[in-house]
Amino acid sequence: MNKAHSCSIYKKCGGCQLTNMTYEEQLSHKMKYVIAKLGRFCRVDEIIGMEVPFHYRNKMQAAFSTDGRGNAVSGVWQSATSRIAKTDSCLIEDEMSNWIVRAARGMLKEYKITVYNPKNGKGCLRHIMVRHAKVTDEIMVVIVTNGNKFPRGKEFAAELARRFPLIKTVVHYINNTDTPLWMEKENEVLLGEGYLEDVLCGCRFKISPKSFYQINSVQTEKLYGKAVEFADLNGKETVIDAYCGIGTIGIIASKSGANVIGIETEPSAVKNAKENAKLNDIGNYKVYLGDAGKVMTEMLKNGVKTDVVFADPPRPGCSKEFLADMVKASPKKIVYVSCNPDTLARDLAYLTKNGYKVNKIQPVDMFPHTGHIEVVCLLTSNEK
């Protein structure tokens, strides 16, 4: 690719900060950024890019509003201006998801569904989220309304599924908050079972509306593949999958035969992780609700040694308490997956001052055309 790709709402949206660059220039820019942040720890391996860096997002959220004539419009919510950047297509969003949102918007008048107005708090529809599983080709649609009433909701869902047969389930959530894209609590499943399934690195995963699941399936396979490669498991280890979410990394790693323990603070994610272990018929993966650092400390008190830790925290990185507990548990290897090189640099500085050496740093371009980058690192203990 030797040219940049333009977008009609590039400046209004703000979601893709790098579309003024060619993809090769983007990769070079991100590589320099990672080296600047992390190069002092060890050599940074060449960034892993995408062959086709477009329409890669398996999840999209379309906010709804009305124009000056009272017609429904949808697009990207801008937190800085509290406005919607109107769009019917996107370079990075899944194309099928865009078609579904446009179809749903066109059905609103027929079903007499009003659009939420934040100025007076009236109106029904606030936003629609669509997930598209890339391997199974299953689609989930989540419709979020202002208040718990969604008139003719099941009819609406059935008609949408008739038009798009890949839709497996439609779920209705409510949002009575000031946060535009929030889903407060589940109200009802309008169609299907309320979840979809996808396959990642040979394992099958059940995904609920609020489940955390990486948005770029192609690059996630490469990222998690590197993480498991760095761990180099022989099947005899005790492995902690910290911040385990729905169990993706830990379940994939458990194929080595190692004893993997997933730990998560979100109850719904723990439920999903247990279901996913069962779905894959895995007996050497257990998941617990709680704080990973405290679990490791308790294991140490009971004479159970942690050999390897997978840490995949959110953007703020690992807490000081978790890092301290992990150092006390003294695993031989730490595989750290990060979506924020700034907080990763902070955490690596702590770990290298407390008995660990950074051996490998691998950037993966999970978010083409944006300024974001994912990095996986291998750390090993200095103790012989």
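Biologist: Which residues of α2 meet α10 in this predicted model, and how do you know that they are in contact?

Modeller: Tyr33, Lys37 and Leu38 of α2 meet Pro341, Asp342, Leu344, Ala345 and Leu348 of α10. They count as in contact because their heavy atoms come within 4.5 Å.

Biologist: How do those residues divide by class?

Modeller: The contact of α2 with α10 has six nonpolar residues, two charged ones and no polar ones. Lys37 and Asp342 are charged, because Lys and Asp belong to that class.

Biologist: Why is α2 called roughly parallel to α10?

Modeller: The two helices, α2 (residues 23-38) and α10 (residues 341-352), pack at an angle of about 25°, with their axes 9 Å apart. Angles under 35 degrees count as roughly parallel, so α2 is roughly parallel to α10. As for the handedness, α2 passes α10 in a right-handed crossing.

Biologist: Now to the other helix pair. What makes α3 oblique to α4?

Modeller: Helix α3 (residues 95-107) and helix α4 (residues 153-163) pack at about 135°, and their axes are 11 Å apart. Roughly perpendicular covers 65 to 115 degrees and roughly antiparallel begins over 145, so an angle of about 135° is left to the oblique class. That makes α3 oblique to α4.

Biologist: Which residues meet there?

Modeller: From α3 come Ile100, Ala103, Ala104 and Met107, and from α4 come Phe156, Glu159, Leu160 and Arg163. By class, this contact of α3 with α4 has six nonpolar, no polar and two charged residues. The crossing of α3 past α4 is right-handed.

Biologist: Let's turn to single residues. Why does phenylalanine 205 count as buried?

Modeller: Its relative accessibility is 0%. Buried means under 20%, so phenylalanine 205 counts as buried. Phenylalanine 205 is found in strand β9 (residues 203-207). Leaving aside neighbours within four places in sequence, its contacts include Leu196, Leu200, Ile246, Ile251, Ile252 and Leu279.

Biologist: And what makes histidine 55 partly exposed?

Modeller: Histidine 55 has 27% relative accessibility. Buried would be under 20% and exposed over 50%, with partly exposed in between, so histidine 55 counts as partly exposed. Histidine 55 is found in the loop between α2 and β1 (59-66).

Biologist: What is notable about phi in histidine 55?

Modeller: Phi of histidine 55 is near 50°, a positive value in a residue other than glycine. Most residues other than glycine have a negative phi.

Biologist: Where is aspartate 137 found, and why is it called partly exposed?

Modeller: Aspartate 137 is in the loop between β4 (125-132) and β5 (139-145). Its relative accessible area is 33%, and partly exposed lies between 20% and 50%, so aspartate 137 is partly exposed. Aspartate 137 also has a positive phi, about 70°, although it is not a glycine.

Biologist: Finally, the sheet. What makes β12 and β15 edge strands?

Modeller: The order of this open sheet of seven strands is β12-β11-β10-β13-β14-β16-β15, with mixed pairing. Strands β12 (285-289) and β15 (356-364) each pair on one side only, and they are the edge strands. The twist averages 15° from one strand to the next.

Biologist: How do you know that β10 and β11 pair?

Modeller: Two strands pair if there are at least two bridges between them. Strand β10 (residues 238-242) and strand β11 (residues 259-264) have four bridges, in the parallel sense, so they count as paired.

Terms used:
Residues numbered from 1 in each chain as written. Predicted model: local features only at pLDDT ≥ 70, side-chain atom pairs only at ≥ 80, totals over all residues. Heavy atoms only, no water. Axes fitted to C-alpha atoms, helices over the stretch in contact; angles between N-to-C directions. Left-handed = near helix turned anticlockwise from the far one by under 90°. Buried < 20%, exposed > 50% of the residue type's maximum accessible area, 1.4 Å probe, protein only.
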